[in-house]
Amino acid sequence: MSARITVCRGCCCGTERKHPEVDHDRQLELLRSRLAAVKVADCLDACEVSNVVVVQPSPAARAAGAKPVWVGSVLDDDAVHGVADWVDAGGPGLAAPPAAIATLIVDTPGPE
């Protein structure tokens with residue numbers, strides 16, 4: 001089993017209200033056309049970097065210590081394809097993130 005992703009689409013991330021210039025449905029279609037495991041979450045509580053995608057490591061990579069990676073501001077086709085390219089290459093723990101998303105990686109939100 002390969003890496004999988006969770007896409008934030010409920011609260012503000014995947015809405016026209018916050019990002020009217022982004023075709024959120026098309027982004028989700030692109031991701032689903034390229035990846036087998038795309039989960040949609042209502043809210044991941046990372047609104048400050050909205051349009052968040054969490055890339056989960058494959059089971060083998062997780063067993064070796066890899067952690068999920070949060071990618072924020074996935075707002076254009078380059079970022080969407082960058083996420084899919086990374087998953088295709090193995091994802092966290094197995095492949096480096098492509099340049100298109102390396103600068104979009106954010107800290108995992110947590111309690112303050």
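# Salt bridges, surface charge and fold in a predicted model

Visitor: In this predicted model, which side chain does aspartate 77 meet in a salt bridge?

Guide: The contact runs from N to O over 2.7 Å, within the 4 Å that a salt bridge allows. Aspartate 77 belongs to helix α3 and its partner to helix α1 (residues 24–34), so the pair ties together parts that are 51 residues apart in sequence. The side chain that aspartate 77 meets is that of arginine 26.

Visitor: Are aspartate 77 and arginine 26 buried, partly exposed or exposed?

Guide: The relative accessible area of aspartate 77 is 30%, and arginine 26 has a relative accessibility of 37%. Because buried means under 20% and exposed means over 50%, with partly exposed in between, aspartate 77 is partly exposed, and arginine 26 likewise counts as partly exposed.

Visitor: Which residues are linked with Arg34 in a network of salt bridges?

Guide: Arginine 34 forms a salt bridge with aspartate 85, where the closest N and O atoms are 2.6 Å apart. Arginine 34 lies in helix α1 and aspartate 85 in helix α3, so this pair ties together parts that are 51 residues apart in sequence. The side chains of arginine 34 and aspartate 88 also meet in a salt bridge, at 2.8 Å from N to O, and this pair links helix α1 to helix α3 across 54 residues. The residues linked with Arg34 in the network are therefore Asp85 and Asp88.

Visitor: How many salt bridges does the count come to?

Guide: One of them joins aspartate 77 and arginine 26, while arginine 34 takes part in a salt bridge with aspartate 85 and in another with aspartate 88. By the rule applied here, the count comes to three.

Visitor: Which residues gather in a patch of positive charge on the surface?

Guide: One member of the patch, lysine 39, is found in strand β2 (residues 38–41). Lysine 39 counts as exposed because its relative accessibility is 56%, and exposed means over 50%. The residues that gather in this patch are Arg4, Lys39, Arg62 and Lys67.

Visitor: What is the phi of aspartate 45, and where is its place in the chain?

Guide: Most residues other than glycine have a negative phi. Aspartate 45 is not a glycine, and its phi is nevertheless positive. The residue counts as exposed at 60% relative accessibility. Its place is in the loop between β2 and β3 (53–56), and its phi is about 55 degrees.

Visitor: Where is serine 73 found, and what is its phi?

Guide: Serine 73 is found in the loop between β4 (69–71) and α3 (77–89), and at 31% relative accessibility it counts as partly exposed. Although serine 73 is not a glycine, its phi is positive, at about 55 degrees.

Visitor: What order do the elements of the protein chain follow from the N terminus on?

Guide: The secondary structure of the protein chain comes to four helices and five strands. Read from the N terminus on, their order is β-α-β-β-α-β-α-α-β.

Visitor: What is the radius of gyration of the protein chain?

Guide: Along its principal axes, the C-alpha trace spans about 40 × 35 × 25 Å, and buried residues make up 45% of the 112 residues. The globule rule gives 13 Å for 112 residues, and the value for this chain is close to that, so the chain is as compact as a globular protein of that length. The radius of gyration is 13 Å.

Definitions and conventions. Residues are numbered from 1 along each chain as its sequence is written. This is a predicted model: local features need pLDDT of at least 70, side-chain atom pairs count only at pLDDT 80 or more; totals for chains, interfaces and linings use all residues. Side-chain values use heavy atoms; hydrogens and water are left out. Patches are made of residues with over 30% relative accessible area and no salt bridge: like charges are joined within 9 Å, nonpolar side chains (Val, Leu, Ile, Met, Phe, Trp, Tyr) within 5 Å. Accessible areas come from the Shrake-Rupley method with a 1.4 Å probe; for residues, only the protein chains shown count as cover. Lys and Arg count as positive and Asp and Glu as negative; His and the chain ends are not counted. The place of a charge is taken as NZ of Lys, CZ of Arg, CG of Asp or CD of Glu. Helices (H or I, at least four residues) and strands (E, at least two) are DSSP runs, numbered from the N terminus. Buried means under 20% relative accessible area, exposed over 50%, partly exposed in between (1.4 Å probe, protein chains only). The radius of gyration is taken over C-alpha atoms; the globule rule is 2.2 Å times the number of residues to the power 0.38.
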